[in-house]
Amino acid sequence: MTEPNRRNVLRGAAALAIGGVAATYGSTGSAAAQPLSPAAAKERFPFIEGAFAPVKEEVTAFGLPVTGRIPKDLCGRYLRTGPNVLGLEDPRAHHWMMGEGMVHGVRLRDGKAEWYRNRWVRSSGVAAKLGERYPWPVPAEDFAPNTHVISHHGRILTLQESGAPPYELDGELNTLGPFDFGGSLEGSYTAHTKFDAHADELHAVTYHPTWDHVRHLLVDRTGRVVRTTLIPVTDSPMMHDFGLTENYVVVFDVPVTFDPRPGKVVPYKWNTEHPARVGVMKRDGGPVRWFGVDPVFYSHTLNAYEQGDTVVVDLTTMPAPFEVAGKQGFGGPSASGPPVLERWTIDLARGRVRRRVLDDRPQEFPRVNESLVSRRHRYGYSASPGELFDVYLDKPANSFGNALIKHDLRSGRSEVHRFGRGADASEAVFVPSARSKAEDDGYALAYVNNPDRGASDLVILSAQDFTAKPLARIHLPRPVPLGFHGSWVAD
């Protein structure tokens, strides 16, 4: 595979980072070197404006001001990543999700917000743009991961799918270099891992457009890949996320497949000839049982678990097709309709899948109490960033947005914490309290735009009093652009 093709594949993977393509503003190649015409200068480029506008510098701020009180049992770092383009020359040749990864972090300890930092991940390309030395061997498919940041037994890892390796960071967000799991990783990794706290195992499903399969990887507590299982597939489908239960791995093979035609910014397409299906495989390998489903765009898993002879997966989906013809600027998965929260019940005894919409309000980035990954859950949390859906749909998202949602999936009720006009909320991460006994005994943390300050706040909500005034608003010195996923890294 030639280096230009590798770069094109990487760009496509980055563009699919939240489950699909957002916008492509023209052709690649020489366009980036050409000045904007007067007409082009008047074009709207929403994914580099407003809540999406990239920040232009790295900042370190200490002793952050706080409205309210930070719970003293929150000791650790709240980290979240996203694309933050560096050195953009022509917005017509830029894709929002192709931006180099930048991690934003806030350090909490003893009821205080000690610092805020934002740092680009130092891939070889980022180092070159910043005029810095890149001290490590350059990976074959290098990119500054922009999709997720996790911790695993003392390591902080930034993640990307379909080619680029993870990068490791230290506790102050300095890049420690590419991470290949002690030499045990062969090929791609994933943007969405699943950590089973009961088994102390980190799971991943990885893909690459040159493979005739996807891979289920098991990482042990030492940070090494100790088992790889190949799952045959056709057409090189994109698999952004997956499900994990106590005994099974659940994979989603939807009709979004590799399309290497020259000139495509994003080398993936909605493939009407590719059947949609969901597969269930034992965690320790073996044959996959496939179940056909109606065409749909699967985005993210909230959680999965077993119930008798069924496997239950709560997830966000978007209606088919993947893209809308003629919508060059804003075409993407949500152009046919916003993501909603569904429950898929895979009946292993009867060989069928039952789908049910749990909440039809626009929402994405579903999260669960991480201690219950692969086990039955009651509560889930999702975000509705108003500007994100407004841009995708090219119209207001049913007048709903700028909110976080807590779902009680046992009772079917939900609670909504609204932030108001212009206050887009990013993904909410649940953090258990020190005394935690109930599943929702803890806090929901999210970055929220503060239009009055022209910056962002780290908002801390009580998960058990979700609609109440925030326990604390930590005022950051800069905006945190709308991005993707993050984690709480406890001390």
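**Exercise 1. Describe the lining of the largest pocket by residue class, then find its size, its centre and the strands that build it.**

Step 1. Start with the classes: the lining of the largest pocket has 20 nonpolar, 14 polar and seven charged residues. Please keep in mind that this is a predicted model.

Step 2. Add the size. The volume of the largest pocket is about 940 Å³. Its lining counts 41 residues, and those closest to the centre are F195, R367, E370, S487 and W488.

Step 3. Look for the strands behind this lining. At least two lining residues come from each of β6 (148-152), β7 (155-159), β10 (194-196), β20 (296-307), β24 (364-367), β28 (429-432) and β32 (486-490).

**Exercise 2. Take the positions that UniProt lists as "binding site" and work out why they can be said to gather at one spot.**

Step 1. Collect the positions. The UniProt record, an unreviewed entry, puts the feature "binding site" at H192, H240, H300 and H485.

Step 2. Set sequence against space. The four positions span 294 residues in sequence, but no two of their C-alpha atoms are more than 12.8 Å apart, so they gather at one spot.

Step 3. Relate the set to the pocket. H192, H300 and H485 belong to the lining of the largest pocket.

**Exercise 3. Decide whether H192 and H300 are buried or exposed, and trace the side-chain contacts that involve H300.**

Step 1. Place H192. This residue sits in the loop between β9 (175-178) and β10. Its relative accessibility is 6%; buried means under 20%, so H192 counts as buried.

Step 2. List the surroundings of H192. Beyond neighbours within four places in sequence, H192 is in contact with H148, H240, D241, F242, H300 and H485.

Step 3. Turn to H300, which is part of strand β20. With 2% relative accessibility, H300 is buried too.

Step 4. Follow the polar contacts. The side chains of H300 and H192 are joined by one of 3.3 Å. Another polar contact, of 3.1 Å, links the side chain of S299 to the side chain of H300. S299 is likewise in strand β20, and its relative accessible area of 0% makes it buried.

**Exercise 4. For H475 and D440, find the element that holds each residue and its side-chain partner.**

Step 1. H475 belongs to strand β31 (residues 472-475). At a relative accessible area of 16%, H475 is buried.

Step 2. Check the neighbourhood of H475. Setting aside residues within four places in sequence, H475 is in contact with L64, P65, V66, T67, R453, S456 and D457. P65 is 410 residues away from H475 in sequence, while their C-alpha atoms are 5.6 Å apart.

Step 3. Name the partner of H475. A polar contact of 2.9 Å connects its side chain with that of D457.

Step 4. Now D440, found in the loop between β28 and β29 (442-450). Its relative accessibility is 8%, so D440 counts as buried.

Step 5. Beyond four places in sequence, D440 is in contact with Y379, Y381, K406, F430, A463 and Q464. F430 is ten residues away along the chain, with 8.3 Å between the C-alpha atoms. The side chain of Q464 makes a polar contact of 3.1 Å with the side chain of D440.

**Exercise 5. Examine the backbone of H153 and D200: which sign does phi take, and where do these residues lie?**

Step 1. H153 is not a glycine, yet its phi is positive, at about 50°. D200, also a residue other than glycine, has a positive phi near 55°.

Step 2. Locate them. H153 is in the loop between β6 and β7, and D200 is in the loop between β10 and β11 (201-206).

Step 3. Judge the exposure. H153 counts as partly exposed at 38% relative accessibility, as does D200 at 21%.

**Exercise 6. Step back to the whole chain and summarise its elements, its burial and its contacts.**

Step 1. Count the elements: the chain has four helices and 32 strands.

Step 2. Consider burial. Of the 491 residues in the chain, 60% are buried.

Step 3. Consider contacts with a separation of 6 or more: 63% of them involve residues 24 or more positions apart. The pair of H475 and P65, 410 residues apart in sequence, gives you a place to start looking.

Conventions:
Residues numbered from 1 in each chain as written. Predicted model: local features only at pLDDT ≥ 70, side-chain atom pairs only at ≥ 80, totals over all residues. Heavy atoms only, no water. 1 Å grid on protein atoms, 1.4 Å probe; cavity = no way out; pocket = protein on both sides within 12 Å on 5 of 7 lines; lining within 4 Å. Points joined across faces, edges and corners; volume = space filled by probe spheres on them. Nonpolar A, V, L, I, M, F, W, Y, C, P; charged D, E, K, R; others polar. UniProt positions renumbered as here; feature names shortened; annotations may be inferred. Buried < 20%, exposed > 50% of the residue type's maximum accessible area, 1.4 Å probe, protein only. Contact = heavy atoms within 4.5 Å. Polar contact = N/O pair within 3.5 Å; in protein donor to acceptor, adjacent residues only side chain to side chain.
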